There are 4 protein chains.
Amino acid sequence: MTKVAIIGASGYTGLELVKILHAHPKFEITYVGTSKGGEKLSELHPSLKGIVEFDVQKSDAKEIAQVADLAFLALPHKAAMGFAKELLALHVKVVDLSADYRLELDTYEKHYCLHEDKENLANAVYGLPEIYREEIAKTSLVANPGCYPTATLLGILPFANHIDENYPIFVDAKSGLSGAGKKANDVTQFVNINENMFAYNPFKHRHSPEIKEKLKLVTKKDFEVNFVPHLIPITRGELVSVYLKLNSKIDAKNILEEFYKNEQFVRVRENPVDLKSTAGTNFCDIFVAQNGTSLFISSSIDNLLKGSSSGAVVNANIMCGYEENLGIPIFAYVP
Amino acid sequence: MTKVAIIGASGYTGLELVKILHAHPKFEITYVGTSKGGEKLSELHPSLKGIVEFDVQKSDAKEIAQVADLAFLALPHKAAMGFAKELLALHVKVVDLSADYRLELDTYEKHYCLHEDKENLANAVYGLPEIYREEIAKTSLVANPGCYPTATLLGILPFANHIDENYPIFVDAKSGLSGAGKKANDVTQFVNINENMFAYNPFKHRHSPEIKEKLKLVTKKDFEVNFVPHLIPITRGELVSVYLKLNSKIDAKNILEEFYKNEQFVRVRENPVDLKSTAGTNFCDIFVAQNGTSLFISSSIDNLLKGSSSGAVVNANIMCGYEENLGIPIFAYVP
Amino acid sequence: MTKVAIIGASGYTGLELVKILHAHPKFEITYVGTSKGGEKLSELHPSLKGIVEFDVQKSDAKEIAQVADLAFLALPHKAAMGFAKELLALHVKVVDLSADYRLELDTYEKHYCLHEDKENLANAVYGLPEIYREEIAKTSLVANPGCYPTATLLGILPFANHIDENYPIFVDAKSGLSGAGKKANDVTQFVNINENMFAYNPFKHRHSPEIKEKLKLVTKKDFEVNFVPHLIPITRGELVSVYLKLNSKIDAKNILEEFYKNEQFVRVRENPVDLKSTAGTNFCDIFVAQNGTSLFISSSIDNLLKGSSSGAVVNANIMCGYEENLGIPIFAYVP
Amino acid sequence: MTKVAIIGASGYTGLELVKILHAHPKFEITYVGTSKGGEKLSELHPSLKGIVEFDVQKSDAKEIAQVADLAFLALPHKAAMGFAKELLALHVKVVDLSADYRLELDTYEKHYCLHEDKENLANAVYGLPEIYREEIAKTSLVANPGCYPTATLLGILPFANHIDENYPIFVDAKSGLSGAGKKANDVTQFVNINENMFAYNPFKHRHSPEIKEKLKLVTKKDFEVNFVPHLIPITRGELVSVYLKLNSKIDAKNILEEFYKNEQFVRVRENPVDLKSTAGTNFCDIFVAQNGTSLFISSSIDNLLKGSSSGAVVNANIMCGYEENLGIPIFAYVP
């Protein structure tokens, strides 16, 4: 058994981590922390009452290092890098669900804030196992990808060599409200979202440079990526539509299937993907349609799972030498 | 007062016509028909009980001609052209909400069925008043545009001269379920749609040739249009995202505002448009964002109103010489 | 034309008042106020852009009295009574949508706060026209009923003489989220409400004494009323289920129909009522089912309209000698 | 390992059985059947693709008996009793999720149809483990309770000795749409349900006699039970409100806690229960509020799980001598 800590247990991704790790055959939760501490876990998450009872601690790196070998950080950016730095120095492995170690230094500082842990940033591995499986196995610090980049990159990467670089890539993404976090605000009120849909931050979302940077790292090409996220009136799930122009008439379906033929958590679909088939699971479902050299790629994930918490546990599985699918949720919230 | 008939009163667009025309200061409903007849209108639409009580007739063109000067056809394609032909011969003006007179002959027959009224087809006017206002004023037969083409064309047309023709236009459209009609089927079951979203008929929807053909007619250019509709878990409303590449760095916002400065039913918005602000109204709200020569246009309409029934009554207003906005719904279903 | 003011235009009931009064043939909006002022109305309610443009004032009773004959107060309780007192002294008629003049003094002070306008309270008329039509016609101050009491009282009152007083009346009420107001809070977040339902304040809601008091006033009997409201994941509408025991085996359907045979805004239904048939309208739909002396009454209203703003305009119509249904919305948000 | 068959795998309860049993440490699915057969399981349930691949058989009792020791029947009533009879004769244990063995003969035949397996009916055990745990352990045939009776009985039974028999019990139940099954019909269309709520079959639902009969069996008292179910616009979950009059002023909260202090799947709640905290789990959450001798009991279950499939697997666990909670879902679909 590997002892693990969950830091930042009050939010949705923290809750998902608790659920997955509590049922995991090889990980044992030994520490649950928030910035405040002093609560019962079931006070933070009433649905856990009678199942997982934990005293929530005010997060403290030294205490964590005494009881855990690996820590999941479900913290806001900036808060995460402080903890990660301290934990790594104390030889605790870290899977960071925030943006703090996802980007190269200049990209990060342009879109977020000054970075306070440049040394570890240089060694962090981007936690997309379909691309960086081997690197994840060897690292002590995984930067878990953003939810939008997860679905977008998994859709685009199989076609990287076939994209017309002169033409922009357009990404029309749709996310449920759990992606907006737990904190009350005017935008996320029920009355404002229900029976409604709208774009937000078009061409300006912070996940856009993450997509662009990773595309460049993997493909060595500098694509123009135009990313437009939308809110849709559902709780869980993210549907990403990618529109791009190919540089030649390939058999897109075949290329997609070849690319993922050995991946157990990416399913190439015959029909357009839907959100419910991946909600509650670590799957990314992908569908592609083609009109000559015009391509439509549609990918679907659960933003809180494949796009965050279950993706993080897959990375932890790899880091600890366990089977990649150990304890990972596979059954969708259907119906 | 102009006497009007509603043929095809059992569906959602029929219901919207009843509501608008009943409250209209210059139109008087004198005939309500369905293919079956023999019912009370409030049996077809229980919400009308105590408000609009009508004996629904088995639709008959000769009877209609005796009591009405203008007929709205809210029928499926193919059924519509039979009625329209007969009504026009009897000097009844027609606003056809079906696809039967929207397309040029060869386009129609390729995507629908053989056309049985080629003569009138040649003279029908496409009922988008923002483009064909003068022609609508003079015709006896208006072909009301499809809902997707309405929102898409109103978004693209202002930029027609600035689009790079060497690249495809991508249209990512999202529609509520009222667009799928009233008839029960597996896809439109609540459990299948709720908390879900998915594309359907990507690159193959029948509204795609309509968009392409009208774009060509107005601009004299032959664009590649790739249209991907999605279903979203709401009842009313259509959000259309257009992605395209410009041929030069224009001021897109300014061009949009100029194009619609005299249009009362198109509102150019500062912030990304939402569905609720147009639901229940004849407005089309449009927003544009620009990244160099990459353009994102977002337009929002009520699919049953601007995209169908209130658009049809606007056309009837113009055909009869009334003010364009007479009796047209303007207040959104907000909250 | 009667000149009217809307005080408290920032909330949902204020918005509904704007929509109804703007389209009303006899009322002219001459003043729109909020506690802050200094905005455009379409900044408060973006859906009004291009339709109703008003400079919103910082509400001032003296200024209102100069331009308006009647004022609608869409304010929180306590704020309302200050304005009402001043406006009435300046001979402006008042329709108050808050709780301030709904209850008798002791009931009010027990459940709300100290009353600061006892004189007018003594003369206020409870604005349920189905019961107090004649009194409304003669008064200068109408206290518009709460939404829950409206639907509940209209359901119970027809049976008042037939209820077994020894047995409690149970009211199981379900409300959409617009009833919770526009302000963001944790409970009303989308993620908390969507796919969810729960009771709140069981047996303790402040509308409970209002129901009990009005029942007693009308029937001279002292019923035990147990009121349990629930939130349901919809925006508009209120469904109230009343369960009670009769003192004899009456023909409940017949009694209900007789009671409302002359009422244009109450519809007795053959089948269980639904929310959509009344949403967007001033109707109260009622259904009754009977098992011996056990009675189930189900009533449906739009909480913002019949339960608030359109009910208020009906009262204003009566106060000003206009037809009761003048300018009142009758077409439901269907589909 | 116990080998189990699932008969009737095409519906929602069949899907839930597949998910629970596939992950169960002691049950092994050896047979999956439908009335038609000849499909892949992932064709019936696309979300299972890549996880559980099974050839679905045309259900045949003899074939089942060769490969399975216990069969779950997720069939419509009437279809179930044919299979159960044959399977029991072949020494296969049966958990029947239909109504066929839930009721006493006369009650069944009055509300359903003629019974074709009276012998086994006489020996069937009603599968509510909180009441019949010991009997379930010894039987070969468990009749799994209906979803409404499960939530209702668990709410009422703790108070059975304290209910005033002279007054009716009222049950106001609310169910999500998954309870209406998978088959398309007009009522369950998205547009009809979304933003809507309504009662159906008030006082006449077939779960009403089941509640009444079981109450009588357990308490030896003959209560009048008035049951009114409603549809609410959600997919999963059932909220049941019970209203009744006590025969004395008990401490209801304390009685409830005492009654369930040893039950792991019933949680007594401090605050009104909600649907999301039980969705996806086998929990029944219960809350009680009291006004003198008037009682409000609110219970929440997942209609497909505690109200059907996970309840069935709990029964199978007990029948096979396994721990009651083995393989039973406990983590709610939250957020």
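This report describes a predicted model, taking the arrangement of the chains before the parts within them.

**How the copies are related**

Chain A is superposed on chain D by a rotation of 180 degrees with 0.0 Å of shift along the axis, and the RMSD is 0.0 Å. In chain A, the C-alpha nearest this axis belongs to Tyr333(A), at 3.8 Å. A turn of 180 degrees also lays chain B on chain A, with a shift of 0.0 Å along the axis and an RMSD of 0.0 Å. That is the relation of a two-fold axis.

Which surface do the copies use to meet? Of the interface residues of chain A, 100% are also interface residues in chain D, so these copies meet through the same surface. For chain B, 100% of the interface residues are interface residues in chain A too, so the same surface serves here as well.

**Contacts between chains and between domains**

The contact between chain A and chain D takes 20 residues of chain A and 20 residues of chain D. On the chain A side, the largest share is 3 residues, from helix H1 (residues 12–22) of chain A.

Chain A is itself divided into two parts: domain 1 covers 2–144 + 308–319, and domain 2 covers 148–301. Their centres, taken over C-alpha atoms, are 25 Å apart. Where they touch, domain 1 of chain A gives 14 residues and domain 2 of chain A gives 16 residues. On the domain 1 side, the elements that give two or more residues are helix H5 (105–111), helix H7 (129–138) and helix H12 (309–319) of chain A. H12(A) provides the largest share of that side, 3 residues.

The table lists two of these contact sides by residue class.

| Side | Nonpolar | Polar | Charged |
|---|---|---|---|
| Chain A, touching chain D | 10 residues | 5 residues | 5 residues |
| Domain 1 of chain A, touching domain 2 of chain A | 6 residues | 5 residues | 3 residues |

**A sheet in chain D**

Chain D has an open sheet of 8 strands with mixed pairing, in the order S3-S4-S2-S1-S5-S6-S8-S7. Strand S3 (39–40) and strand S7 (125–126) of chain D are the edge strands, each pairing on one side only.

Within this sheet, strand S1 (residues 2–7) and strand S5 (residues 70–73) of chain D run parallel and are joined by 4 bridges. Ile7(D) stands opposite Leu73(D) in S5(D). Helix H4 (residues 79–89) of chain D lies across S1, S5, strand S6 (93–96) and strand S8 (141–143) of chain D. Helix H4 of chain D runs at about 165 degrees to S6(D).

**Buried helices**

In helix H1 (residues 12–22) of chain B, 10 of the 11 residues are buried, so this helix is largely enclosed by the rest of the structure. Among the buried residues of H1(B) are Tyr12(B), Leu15(B), Glu16(B) and Lys19(B). What do the buried residues of H1(B) pack against? Their partners are strand S1 (2–7), strand S2 (27–34), helix H2 (41–44), strand S5 (70–73) and helix H12 (309–319) of chain B.

Helix H8 (residues 147–156) of chain C has 10 of its 10 residues buried, so it is also largely enclosed by the rest of the structure. The buried residues of H8(C) include Cys147(C), Tyr148(C), Pro149(C) and Ile156(C).

Methods:
Residues are numbered from 1 along each chain as its sequence is written. Chains are lettered from A and ligands numbered from 1 in the order in which they are written. This is a predicted model: local features need pLDDT of at least 70, side-chain atom pairs count only at pLDDT 80 or more; totals for chains, interfaces and linings use all residues. Two residues are in contact if their C-beta atoms, placed from the backbone, lie within 7 Å. Ala, Val, Leu, Ile, Met, Phe, Trp, Tyr, Cys and Pro count as nonpolar, Asp, Glu, Lys and Arg as charged, and the others, Gly among them, as polar. Domain bounds come from an automatic or database domain assignment. Two strands pair if DSSP finds at least two bridges between them. Axes are lines fitted to C-alpha atoms, for helices over the stretch in contact, and angles run from 0 to 180 degrees between N-to-C directions. Copies are superposed by least squares on the C-alpha atoms of residues with pLDDT of at least 70 in both. A residue is buried if 20 or more other C-beta atoms lie within 10 Å of its own, exposed if 12 or fewer, and partly exposed in between; C-beta atoms are placed from the backbone.
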